[in-house]
Amino acid sequence: MTKIALFARVSTIDNQEYERQISDLKKVILKDGYTEDQIEIFAEKVSGYKKNEDRPELTRLFNIVEKDGKAIEAIYVTEVSRLGRNPRLTKDTIERFCDLKIPIKILNPTLCTLNPDGSRNNFVAIMLSIAIEFSDIEAKTMKTRMKSGKRQRVIDGKFSTPNNPYGYTNDENGYVIIDDDEAEIIKMIFDKYQEGIGAKVIAQTLNEMNIPTKFNKTRATKVMKFNGEHTPTTGEDIIWSDTVIFQILKNTIYIGKRKYKTVDAVTEIIDNKKVITKPAEYDYVNTRAIISKEQFDICTELRTSKTDRQFYGKHVYLLKDLIRCGVCGKKYMGRYIPTKDKVYICTSKLKKGHACGNNSINISLIESVIFDQISKTDNLVKYLDNPNDVLNKIKDELKHLEQRLKNEKKELLNKQKQLENLIITISKSSNPNFDYFTKMDNEINTSIKSVNEKIKNIQKEIFSKKATITNYDQQQATNEMFTKAKENRTELTSIFKQFIDKIVINSIDKNYTLVTVFIKLKGVTLKTTLKLFIYSRGVRNFGGQKEKVYKYLPLIKLENEPVFKDNILLVEISDIFDEVQNLISYENISNLLPIKEMITIKPENYIFMFDTEK
Ligand SMILES: [Zn+2]
């Protein structure tokens, strides 16, 4: 059976064009009386920005016909330009196929290089040579060129303004650089999100502070169109939204990886609906980072775990979303398997070979300890009774900060004025002292820089306070509510969330675990943490006793205070533990009672996931 060669040539970034060529050619081939089985596709995929004419598919076709002159009956192409971009090579190609007596059928315009009797069609030859020389290759490839040009700009580290992401701008040559002011906002957004402030509140706070959006700056007067939006909006009116915040939190450009499309998605019309049958492909180019990879990953985890419930199954874990690993910084998740594990476990263990080494902790043990401790913390109760105290305190601090900002801005104006005066003086002087000028100029510029730095820091703090106020939880939780909720895990979970910002776990050894609780009162995280030393062995093999023992020591102040960065403990845990052991040890201090005594929770106050565990 002789074959028909279907020859297509497309840029790698234009999949739709490829599909179009194939389907157009197939239609004609079938109409000419050949069958689907006879069609062999030769598709040359050319990178848009590659200059060399590498043509493996054409070479393959030549190899076939040169081995067996009867293997291919005809070659079909949509346009003569598909045979190649270089006129000389294209003419050469046509010559060779004519010599082999294989006709090339062109769709647009409809031509065939050979007559039905196999002789050369001289008219077509002239037509083609003109078409090749003056072909509209340029016009046909314009679309592709534009796309690849845009991609080339990305690869070169440039922006197609004004679409640069928030936090970035471009220098006079179009290269990507960091916009310092916007970068500060980006850092705030990631910081706040990491602290547990939602995207909506972040957007609201930015709007309240009149922080301009990208559109406000670049397209203030341009009328924007949005899907389904009927009222015309100008760029000026576009404010921050949670969607934009989420886009920022997802954008890898902030860790220096700028994403760009290399291959378009393939779509097909199925049942009158456009369906993506092959997703687009992407690659990354390196650019300047604003956020650390660690922070980006933490925010990603926070963002995705809020909707991704698969790890949490059907059980209500009281400390869900609250526990972090003090070794690797990742989240802990609850794992309740009735006959096996009943633990909170570091998510690093989910990936084989990636476990950070931090131990798991028994669910009932840690939940009982936290409940016991929170219900006993006097301060907590006090704050619960006067929830507005905290809010008023923050409002006072905010007022103070705003005054400081005003002062610093005044100071900045003063310095700028000074600089101006200096330049005027020098320019008017008949015998200027340049040494003096240089010295003064340096001094004033240094102080301007430091004032600017101060202003940035104050603005950051103002943002932080405003976000806290906006986020302030108005729901009243009372101590009574708390004790009543003991049996209701869903309610208890929501109450825990009001009191606990986060909990960091560091296992000390087989027997003890350090649990650092960051307490939150009405949305405000306290600077002082609650340190709980939990005797984890008392539940594993009961520490040599017949019954389970829930024992722990709560501490507020330590000489060796645990310090964390991105949830990872920075101080030596052995130093902390030595200090604690001295506090509770009976042996070391003979004849004296220990300074601190561990608290043993009464079994009736244990908290269990299910009643049957009791
Ligand atoms: Zn870990």
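A residue is called buried if 20 or more other C-beta atoms lie within 10 Å of its own, exposed if 12 or fewer do, and partly exposed in between, with the C-beta atoms placed from the backbone. With 17 C-beta neighbours inside 10 Å, Lys158 therefore counts as partly exposed. The structure is a predicted model, in which local features need pLDDT of at least 70 and side-chain atom pairs count only at pLDDT 80 or more, while totals for chains, interfaces and linings use all residues. Residues are numbered from 1 along each chain as its sequence is written.

The protein as a whole comes next. Of its 614 residues, 28% are buried. The protein has 18 helices and 25 strands; these are DSSP runs, numbered from the N terminus, with helices being H or I over at least four residues and strands E over at least two. Two residues are in contact if their C-beta atoms, placed from the backbone, lie within 7 Å. Among contacts in the protein with a separation of 6 or more, 60% join residues 24 or more positions apart.

Lys158 itself is in the loop between α5 (137-155) and β6 (168-170). Leaving out residues up to four places away in sequence, Lys158 touches Arg153, Asn170, Gly174, Tyr175 and Val176. One of these, Gly174, is 16 residues from Lys158 along the chain, and the two C-alpha atoms are separated by 5.3 Å.

Further along the chain, two helices pack together. Helix α7 (residues 199-208) meets helix α9 (residues 242-250) at an angle of about 110°, with their axes 8 Å apart. Here the axes are lines fitted to C-alpha atoms, for helices over the stretch in contact, and angles run from 0 to 180 degrees between N-to-C directions. The angle makes α7 roughly perpendicular to α9, since angles of 65 to 115 degrees are given that name, whereas those under 35 count as roughly parallel, those over 145 as roughly antiparallel and the rest as oblique. The crossing of α7 with α9 is right-handed: the near helix is turned clockwise from the far one by less than a right angle, and anticlockwise would be left-handed. On the α7 side, Ala199, Lys200, Ile202 and Ala203 make the contact, and on the α9 side Asp242, Val244, Ile245 and Phe246 do. These residues divide into six nonpolar, no polar and two charged. In this grouping Ala, Val, Leu, Ile, Met, Phe, Trp, Tyr, Cys and Pro are nonpolar, Asp, Glu, Lys and Arg are charged, and the others, Gly among them, are polar.

A nonpolar core is a set of buried Ala, Val, Leu, Ile, Met, Phe, Trp, Tyr and Cys residues joined through C-beta atoms within 7 Å. The largest such core has 45 residues, of which Leu319, Tyr344, Ile366, Ile503 and Ile534 touch the most other members. A second, separate core of 27 residues includes Phe190, Ile197, Ile290 and Phe463. Apart from its neighbours within four places in sequence, Tyr344 is in contact with nine residues named here in order: Leu319, Ile323, Tyr332, Met333, Gly334, Ser360, Ile361, Ile363 and Ile366.

Several loops remain. Asp341 is in the loop between β15 (332-336) and β16 (342-346), and is partly exposed because 14 C-beta neighbours lie inside 10 Å. Asp341 and Ile363 are 22 residues apart in sequence, with 9.3 Å from C-alpha to C-alpha.

Most residues other than glycine have a negative phi. Asn210, in the loop between α7 and α8 (214-218), has a positive phi, near 55°. Asn210 is exposed because it has 8 C-beta neighbours inside 10 Å. Asp566 also has a positive phi, near 50°, and is placed in the loop between β23 (564-565) and β24 (568-569).
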